[in-house]
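The exercises below ask the reader to work through aromatic pairs, nonpolar cores and a pocket, each with a solution that proceeds in steps. Please keep the model open while reading.

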Amino acid sequence: MSTSIDDTLAACGQPPRHVAIIMDGNNRWAKKRFMPGVAGHKAGVDAVRAVVELSVKQGVEVLTLFAFSSENWRRPEDEVSALMQLFVMALQREVKKLHRNNIRLRIMGDVSGFSPQLQKLIREAEEQTADNSAMTLVVAANYGGQWDIAQAARRIAADVQKGSLALDDVNEQTFHQYTWLSDLPAPDLMIRTGGEQRISNFMLWQTAYSEFYFSDAFWPDFKEEEYTRALVDFAKRTRRFGRTDDQLQEDMKSV
């Protein structure tokens with residue numbers, strides 16, 4: 001990393017605790033280079049490494065990457081097959097590196113939709129890295145925000161039916177405990193690459209108060225410099241959470 005990037009990040013102050021990223025633009029990156037779409041996904045692995053490394057260096061506690069949505073099954077069969085093979089290869093090659101660097105890996109989504117081999121690799125990777133503490137890397141795979149909310153509602157309904165949860169006790173805080181990643185801080189910063197400005201059914205519940213940053217860079221090009229721009233932009237924002245500027249200033253005085 002260049003000295004200028006280091007200096008820029010040093011001036012940012014407190015980093016976001018949790019960064020969530022929609023990694024978009026792999027296919028378009030490949031198409032511009034007259035390459036098959038899977039080449040873009042393979043190139044995107046380098047961007048993942050760069051973003052993980054910078055996140056750890058900057059003290060980000062949780063990094064969540066949207067790798068494969070529940071809607072991505074609609075893509076061409078050969079592309080889906082290639083993505084599954086790439087997922088297997090990434091788990092086989094990258095988990096040891098994550099473990100050496102004290103990074104915990106968690107997979108968020110309906111893993112029952114994957115092959116037995118992939119499910120086994122996911123289980124082993126999560127078990128191997130479970131006690132690591134430098135950062136938590138969450139990979140959303142076969143995940144959708146609406147699915148997440150629906151699953152939470154089903155579990156709540158089942159507990160109410162069993163009598164282990166009272167209907168009057170169901171509120172926002174209770175509901176949150178039934179969603180994915182409820183034990184982790186909510187995303188402070190949501191990034192989407194590739195020039196699109198939508199969240200595509202990603203972490204609908206968890207990003208209620210997230211700051212959003214949209215980058216025109218395709219995911220394979222979203223490395224140290226592009227990620228730094230997002231972190232700097234986040235550092236310049238004022239997060240009110242429903243309060244006024246005067247209230248925020250009073251809170252700062254009391255710190």
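## Exercise 1: a tilted aromatic pair

In this predicted model, Trp205 has a relative accessibility of 27% and therefore counts as partly exposed. Classify its pairing with Phe175, and say where in the chain the two partners lie.

*Solution.* Begin with the burial of the partner: Phe175 has a relative accessible area of 14%, which is under the 20% limit, so Phe175 is buried. Next, take the geometry, for which the general principle is that a pair of aromatic rings is described by the distance of the centres and the angle of the planes. For Phe175 and Trp205 the centres are 4.7 Å apart and the planes 40° apart, and the pair is tilted. Finally, locate the partners: Phe175 belongs to helix H7 (residues 172-177), while Trp205 sits in the loop between strand E5 (189-192) and strand E6 (211-214), so that the pair links distant parts of the chain, 30 residues apart.

## Exercise 2: an edge-to-face pair

Of what type is the pair formed by Phe66 and Tyr143, and which parts of the chain does the pair tie together?

*Solution.* The model holds 12 aromatic pairs. In the one formed by Phe66 and Tyr143, the ring centres are 6.2 Å apart and the planes stand at 80°, so the pair is edge-to-face. Because Phe66 lies in strand E2 (residues 62-69) and Tyr143 in strand E4 (residues 135-143), the pair ties together parts that are 77 residues apart in sequence. Both residues are buried, and they form one aromatic cluster with Trp147, Trp180 and Phe202.

## Exercise 3: the nonpolar cores

Describe the largest nonpolar core, and follow the contacts of Leu105.

*Solution.* The largest nonpolar core has 40 residues, and Leu105 is among those with the most contacts inside it, as are Ile21, Leu63, Leu91, Leu137, Ile191 and Tyr227. Helix H4 (residues 77-100) gives the most to this core, with 8 residues. Beyond its neighbours within four places in sequence, Leu105 is in contact with residues including Leu91, Val95, Leu98, Leu137 and Val139. Another core, of 13 residues, lies apart from the largest one and includes Met108, Ala140, Met190 and Met203.

## Exercise 4: the largest pocket

How much space lies in the largest pocket, and which element gives the most to its lining?

*Solution.* The largest pocket holds about 1100 Å³ of space. Of the 43 residues that line it, Met23, Val48, Leu65, Ala67 and Val139 are the closest to its centre. H4 gives the most to the lining, with 10 residues. By residue type, the lining divides into 25 nonpolar, 9 polar and 9 charged residues.

Key
Residues are numbered from 1 along each chain as its sequence is written. This is a predicted model: local features need pLDDT of at least 70, side-chain atom pairs count only at pLDDT 80 or more; totals for chains, interfaces and linings use all residues. Side-chain values use heavy atoms; hydrogens and water are left out. Rings of Phe, Tyr and Trp (its six-membered ring) pair if their centres lie within 6.5 Å; planes under 30 degrees apart count as stacked, over 60 as edge-to-face and the rest as tilted. Helices (H or I, at least four residues) and strands (E, at least two) are DSSP runs, numbered from the N terminus. Buried means under 20% relative accessible area, exposed over 50%, partly exposed in between (1.4 Å probe, protein chains only). A nonpolar core is a set of buried Ala, Val, Leu, Ile, Met, Phe, Trp, Tyr and Cys residues joined through side-chain atoms within 4.5 Å. Contact means heavy atoms within 4.5 Å. On a 1 Å grid over the protein atoms alone, a cavity is a set of points where a 1.4 Å probe fits but cannot get out, and a pocket is an open set with protein on both sides within 12 Å along at least five of seven lines; lining residues have an atom within 4 Å of a point. Grid points are joined across faces, edges and corners, and a volume is the space filled by probe spheres set on the points. Ala, Val, Leu, Ile, Met, Phe, Trp, Tyr, Cys and Pro count as nonpolar, Asp, Glu, Lys and Arg as charged, and the others, Gly among them, as polar.
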